[in-house]
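Reader: Could you walk me through the aromatic residues here, and the overall fold after that?

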Amino acid sequence: MISDLCYCRLMENYTYNSLTLHLEGLNISKDSVYPIFLIFFFSYVFIMFLNASITFLIFIDKNLHQPMYLLFCNLPVNDILGNSIMVPRLLIDMLRPQSERIISYYECVVQAFTTHMFGTTAHTVLMIMAFDRYVAICNPLRYAAIMTNKMVLKLTVSAWGVAFVLVGILLGLTIRLNTCRTLIMNPYCDNPSLFKLSCESVFINNVYGLTFTVVLFTASIGSIVLTYTKITVVCLTSKNKALNSKALKTCSTHLVVYLIMLLSGMIVITLHRFPQYSDYRKLCAILFHIIPGSLNPLIYGVQSVEICKSLSKLVRSKPVMPLF
């Protein structure tokens, strides 16, 4: 453990441009490596299995080819992509000594891009899902006319496209910088870790990063608050118990998923401002991928009556009842 820390400090003193970088990884004792490895490994298997299963069910069952499920399908796809880029590499590095945790600059950029795409797309997808719930509850008679296949496609492309552009600019501003360090002070690559390798001014990066965060969170929180306020007004003024029950069920699951994602992201962003809590930041950054990826299919997918019916047909067994 001491030799690893010495190696990290030595790498910090190297000040030259290099296409080979070193990942600091997690600071854990040798006795804790294998238990933590197994926890992350089985979490990854759990995430892949659940999200792939939900995606497969929605793809093959025509009864699930409805706007709500098609839009939701973006979440498991995003969870699969986000965790596949980060977790396997993290598991391999955990079993390596510090000196062998090497990553190329270009691989690091790709990992950083995918990591930020994962976080940003989670916001944009939940925003379009909130719009779908708003139309379904506040304009039920026009729902079929508004939420056509073309509209679903537009919303999906918009969610991924906006995230791609925002993150593309974020990483574009970083890769223009010359690097003078080689140590990534993180278990995996992200934008702050990358631009901290430079000895040049990162003022523009900080300004855009702050603007990026404020715009994304404002748009995300604002859209959720607006749609849910209108949904609440409709439910309070409606005497239709069936409508209110449906609204409570679908909106509560959506809101829980959103709050988990929002709080996880805000904790990671906040801890980046406090270097003294770097170990907590590293752990939270990993959990930001693992926790939403594990809970999303459970909270939003398995509780669905339609998805449970589809699962029952697939396994040809006793009916699978929703969890909630």
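Author: Sure, one definition to start: buried means under 20% relative accessible area, exposed over 50%, and partly exposed in between, with a 1.4 Å probe and protein chains only. This is a predicted model, where local features need pLDDT of at least 70, side-chain atom pairs count only at pLDDT 80 or more, and totals for chains, interfaces and linings use all residues. Residues are numbered from 1 along each chain as its sequence is written, and side-chain values use heavy atoms, with hydrogens and water left out.

Reader: Is Y106 buried or exposed?

Author: Y106 has a relative accessible area of 55%. With the cut-off for exposed at over 50%, Y106 counts as exposed.

Reader: What kind of aromatic pair do Y105 and Y106 form?

Author: Rings of Phe, Tyr and Trp (its six-membered ring) pair if their centres lie within 6.5 Å; planes under 30 degrees apart are stacked, over 60 edge-to-face, and the rest tilted. For Y105 and Y106 the centres are 6.0 Å apart and the planes sit at 80°, so the pair is edge-to-face.

Reader: And what about Y208 and F212, which kind of pair is that?

Author: Both residues are buried, and they sit 4 residues apart in helix α9 (residues 203–237), about one turn of the helix. Their rings are 6.1 Å centre to centre with 45° between the planes, which makes the pair tilted.

Reader: Zooming out, how many helices and strands does the chain have?

Author: Helices (H or I, at least four residues) and strands (E, at least two) are DSSP runs, numbered from the N terminus. Counted that way, the chain has 12 helices and 3 strands.
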